[in-house]
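Grab a viewer and work through a few exercises with me. Each one comes with a solution you can follow step by step.

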Amino acid sequence: MSQLSNPSQAFLRQRGQLSGRILLCSPPADAIAAELRQTGVEVSVLSWDHTAVNACRGAVAEEWLFTDLALPADAQWDQIALFMPKARELLDLMLSVVAPALKHAQHIWLVGEKREGVESAAKRLAKEDWDATKVDSARHCQVWSLTPPADWKPKQNDFWRAYELAQEKVDTLQLFTLPGVFSAGRLDEGTEVLLQSLPELHGRRLLDFGCGCGVIGATLKKRYPKASVELTDINLLALKSAARTAEANGVELNVYASDGLAEVQPGVDAIITNPPFHQGVKQDTRVTQQFLRDCARVLKPGGSLTLVANRFLPYPDWIEAHVGPVRVLFENSRFKVYHAVR
Ligand SMILES: C[S@@+](CC[C@H](N)C(=O)[O-])C[C@H]1O[C@@H](n2cnc3c(N)ncnc32)[C@H](O)[C@@H]1O
């Protein structure tokens, strides 16, 4: 059996009761879909995580793999499994998207790690008159069985948050974010100092790696209208946010999913980024370390990297090793903006 995360293992302990057509909502990026299919279950998946979607490909027919904010109106499932998302507000978005299917399902499961708040989520639903029963506890996870009240309606149907950003030299930008997208509803302090200390950039291909709502990419396109600006992220809700930001500001941005730089073609003139340093709640610099290694493949010789980070992170050595000598363009008590030319 391939490596399965703890929530997937906890869910598979219910296999005696898993049958018919099951919709997995935000499953972990592991082999859960393939494992379930082997038990004779017909699997569909709703996910906004590029890595999880890729992990499910092959086990789920393409037409039953949903990455949007709505499910087909007439789709029905015998069972629905909600995997606790890392950002808790995403659970409300997920419930709103699956709402039309909930009343037809005979069984609704909620599965998640204890430290990611599965119990408090179940208890919150119980306060809203859901029937919520804990059915299993294993591998640091809990599995709950849920039934919504007959008259249940999702709380909110507009999950978008917006803010405006006035900057020197460019028009005020409108930024849009969905739940779970970095810096929802406000500009991050690190991104702010990065944008304020951007050097003059050269070349036609600019890349905003880990774009979130697209604030860096949209700023670049406003400053360099002739450049082709690419924005990548692993979070499909970030990409939807960036696409809405592009539309709202009347700019053409090339927004696409990529885990690190995996999908980025070589020949980039400049990368401008506030890269991730968390996985869930834990600090984790592995994505950025791999990103810096891959900069050597993606950046043209003479191409530049401009990156903001918390000043305690060990990035200068890594940038020096993979890109080139580092200049500090800005620093304060929390952040440093680094610049290097390959
Ligand atoms: C610190 S946020 C910056 C967001 C945005 N650029 C800003 O400044 O507001 C880092 C972004 O990296 C994305 N990310 C995390 N892991 C990633 C990966 N493996 N590949 C691509 N993007 C990733 C996150 O989803 C998040 O949007």
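Here are three exercises on this predicted model, each followed by its solution.

**Exercise 1.** Work out the strand order of the open sheet and find its edge strands.

*Solution.* Start by walking across the 7 strands: the order reads β12-β11-β10-β13-β16-β18-β17, and the pairing is mixed. Next, look for strands that pair on one side only: those are β12 (254-257) and β17 (326-331), the edges. From one strand to the next, the twist averages 20°.

**Exercise 2.** Describe how β10 and β13 pair, then say which helices pack on the sheet there.

*Solution.* Residues 205-209 (β10) run parallel to residues 268-273 (β13), with 4 bridges between the two strands. For a concrete bridge, take D208: its partner in β13 is I272. Now add the helices. Helix α7 (residues 215-223) touches β10, β11 (228-233) and β13, and its direction makes about 180° with that of β11. Helix α9 (residues 286-298) touches β10, β13 and β16 (299-310), at about 160° to the direction of β16.

**Exercise 3.** Sort out which residues surround the ligand and which polar contacts it makes.

*Solution.* First, the shell: 18 residues sit around the ligand, with T191, G210, D233, D259 and G260 coming nearest. By class, that shell splits into 9 nonpolar, 7 polar and 2 charged residues. Then go contact by contact:

- D233 puts a polar side-chain atom 2.6 Å from a ligand oxygen.
- C211 has a backbone N or O atom 3.3 Å from a ligand nitrogen.
- I234 has a polar backbone atom 3.5 Å from a ligand nitrogen.

Finally, check the burial: the ligand alone exposes 590 Å², and the protein buries 91% of that.

Notes
Residues numbered from 1 in each chain as written. Predicted model: local features only at pLDDT ≥ 70, side-chain atom pairs only at ≥ 80, totals over all residues. Heavy atoms only, no water. Near = heavy atom within 4 Å. Polar contact = N/O pair within 3.5 Å; in protein donor to acceptor, adjacent residues only side chain to side chain. Areas by Shrake-Rupley, 256 points an atom, 1.4 Å probe, with all protein chains shown as cover. Nonpolar A, V, L, I, M, F, W, Y, C, P; charged D, E, K, R; others polar. Pairing = 2+ DSSP bridges. Axes fitted to C-alpha atoms, helices over the stretch in contact; angles between N-to-C directions. Contact = heavy atoms within 4.5 Å.
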